[in-house]
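Student: I have a structure open and don't know where to begin. Can you walk me through it?
Tutor: Yes. Ask as you go.

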Amino acid sequence: MVRDPHSYGNAHEVCPSHLALQLTLNFTQRRMDGRCDLTLTWSQPDATYIDLDTRDLTITAVTDGENRPLNYELGSPHPFMGSRLRVHLPERQETVCVVYHTHPDAAALQWLTPAQTTSQRLPFLFTQSQAILARTWLPCMDSPGVRTTFDAVINVPPGMTAVMGAHHETHEPEQGRFCFTMPYAIPAYLIALAAGELAFRAISDRAGVYAEPAVLDRAAWECADMDHMIRTAEALYGPYRWGRWDTIILPPSFPFGGMENPMLTFATPTILAGDRSLVSLMAHELAHSWSGNLVTNATWGDFWLNEGFTTYFERRIVEALYGNDLAEMQWLLGQRTLAHTIDRLTPTEPEYTKLCMNLDTHDPDDAFSELPYEKGANFLRVLEHHVGRPAFDAFLQQYFEDHAFDSMTTGRFLELIRDRLFHGDVTDWDTLRIHDWIDRPGAPDNMIIPNSDHFERTRAAANAFMSEGQLPAPASDSWTPAEWLDFLNSLPEEVASDKLQQLDEAFDLSQSGNAEILYAWLAVCIRNTYEPAFPMVEAFLCRQGRRKFLQPLYSALWANPRSRDLAATIYRQARPGYHPIAAATIDGIVDLSAH
Ligand code: BES
Ligand code: ZN
């Protein structure tokens, strides 16, 4: 077992193998009250204690399975690691029971008031445990290398529905009691719960959508391809091992696009574009059912093994379902994102531009960027090109089968490609620059450059618009969202206000229902201080809380002296509605104390 710098756990000695959770959700006090009973597996019989991860938990009692008190110490809190909970085990106890409650500001939890929901009738709660936030709502070994099964009893106020990424057992909704079991061993970062006014619609006998009632129709329409997606993914990399695949469309403050909680993907409502153009996000979360949830990064320094594989797999699903053209466009958009990310991180954080990162003294959340996604996916594509698609697909299928429910390190993965993909012959290792891909900052220059005729048109249109003032009509009438994104991303840093006005009037970009296009457009407007779009900037930053959109837009507003005050004004107004994860990020950009 590899050492995980982000967990206090002594998993090599004694390790939880099952968790039994009983939690009562108290919306008035914004806290969960309850207990977590951990079943232990001993590999070091003479161990005398177990160390668990906690952060901001109040522990009221620790006992063994017979209700006898056990001695314990709670360590002093570390800013992102939290407090070590050391429980002394005088005998080889089979069970440790921790009675506790959470803090109102627990970083994994967002408690929404009725006013922050669509129907405005009931409050709402959802969790976000990845990367190291599970410890803010349950005592556990919060390392991706430690897997447990679990069962849970969740008590909620009248009228509410609770859902978890798990099998649903007999619920007693009238009693506000919901029961779940997770029969597969999963790491703590994948344990997830949501509660609120929720409705469900089946898409097939194994896929469906949960959402607030007012959102359900749109959600079900957008997600209609889910079953088809599962079949497509299975044809690529083998059976879907988790039974059901449901999705919950969360309120707009969900800080991510999607989160691959097993059996139940959590998703932002910003994917509801009305034309299914953003469902590649669903393909991404589904792909994690193999890369991430079956084969899991051993530590957060190996994060690319989760996200790079998943991005590669996502584009293979898109290719199979929606065609090569769209997949190639996504590869190209991704390469542009990669180049920008490398430019942004190289001056201050070159470590974060490596695939395999040393995060020993870092919060994994600080290292988060699109780099592991795009650099990782492009590395796998280089391998695919070298050995040919059939050999690469066979290798990946075998990889998911051999290492299912196990964790993987970058070093182990390199051994596997050497032995299984190159059959021990490493003659091409240097030509492919494998060590540069893995261990060096930046990106090697042997990336596969996709063809895309579409983008020749969008780039020519961007040039013609800049040099001759010619608007990109009429060909643009048939542009797909990917082409619009490429057009907007191809505009130079500086675009004059009269040009932006022409574009907005001709194409109504400020009114786009596609959140990715709106975001790309607003980024152009902010960096050029195009003030007519500022009301839309404000509206967009206040109506959704996806960090990927908030972070660059606030950074651009703050970097521009002419919009710095506006950044503070908007943030002061929007912050109470943001998730703690998003607020923590924006706190590092917009200094409210100075404005
Ligand atoms: N697992 C990630 C989200 C995540 C990563 C949460 C690290 C916390 C820490 C999820 O699968 C993801 O990558 N989501 C993306 C969408 C995707 C299409 C790139 C997002 O949220 O934008
Ligand atoms: Zn992902």
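**The zinc site and its surroundings**

Student: What are the protein donors of the zinc ion (ligand 2)?
Tutor: They are NE2 of H284, NE2 of H288, and two OE entries from E307, at 1.9 to 2.8 Å from the zinc ion (ligand 2). Keep in mind that this is a predicted model.

Student: How are the donor residues spaced in sequence?
Tutor: The spacing for the zinc ion (ligand 2) is H-x3-H-x18-E. H284 sits in helix α3 (residues 280-287) and E307 in helix α4 (residues 304-322), so this pair, 23 residues apart, links distant parts of the chain.

Student: Are H284 and E307 buried or exposed?
Tutor: Both are buried.

Student: Why is the arrangement around the zinc ion called irregular?
Tutor: Because the 6 donor atoms around the zinc ion (ligand 2) subtend angles of 52 to 160 degrees. For six donors to count as octahedral, opposite ones must be over 155 degrees apart and all others between 65 and 115.

Student: New topic. Where does UniProt place the "active site" feature?
Tutor: The UniProt record, an unreviewed entry, puts it at E285 and Y373. These residues span 89 residues in sequence, yet their C-alpha atoms are no more than 12.8 Å apart, so they gather at one spot.

Student: Take E285. Which helix is it in?
Tutor: E285 is in helix α3. Its relative accessible area is 5%, so E285 is buried.

Student: What is E285 in contact with, leaving aside neighbours within four places in sequence?
Tutor: G258, M259, E260 and T265. With E260 there is also a polar approach: a polar atom of the E285 side chain lies 3.4 Å from the backbone nitrogen of E260.

Student: And Y373, where is that?
Tutor: Y373 is in helix α6 (residues 371-387). Its relative accessibility is 17%, and Y373 counts as buried because the cut-off is under 20%.

Student: Which residues is Y373 in contact with, again leaving out neighbours within four places?
Tutor: H284, F303, E307, G308, T311 and F368. Two of those names came up before: H284 and E307 are among the protein donors of the zinc ion (ligand 2).

Student: Last one, A224. Where does it lie?
Tutor: A224 is in the loop between α1 (216-222) and α2 (226-237). At 36% relative accessibility, A224 is partly exposed.

Student: What does A224 contact beyond its neighbours within four places in sequence?
Tutor: A224 is in contact with I203 and R276. As for A202, its C-alpha is 9.6 Å from that of A224, and the two are 22 residues apart in sequence.

Notes: Residues are numbered from 1 along each chain as its sequence is written. Chains are lettered from A and ligands numbered from 1 in the order in which they are written. This is a predicted model: local features need pLDDT of at least 70, side-chain atom pairs count only at pLDDT 80 or more; totals for chains, interfaces and linings use all residues. Side-chain values use heavy atoms; hydrogens and water are left out. Helices (H or I, at least four residues) and strands (E, at least two) are DSSP runs, numbered from the N terminus. Buried means under 20% relative accessible area, exposed over 50%, partly exposed in between (1.4 Å probe, protein chains only). Contact means heavy atoms within 4.5 Å. Donors are N, O and S atoms within 2.8 Å of the metal (3.2 Å for Na, K and Ca); water is not among the atoms, so sites may look incomplete. Four donors count as tetrahedral if all angles lie between 85 and 135 degrees; four count as square planar and six as octahedral if opposite donors are over 155 degrees apart and all others between 65 and 115; anything else is irregular. UniProt positions are given in the numbering used here, feature names are shortened, and annotations may be inferred rather than shown by experiment. A polar contact is a pair of N or O atoms within 3.5 Å; within protein, one must be able to donate a hydrogen and the other to accept it, and residues adjacent in sequence count only if both atoms are side-chain atoms.
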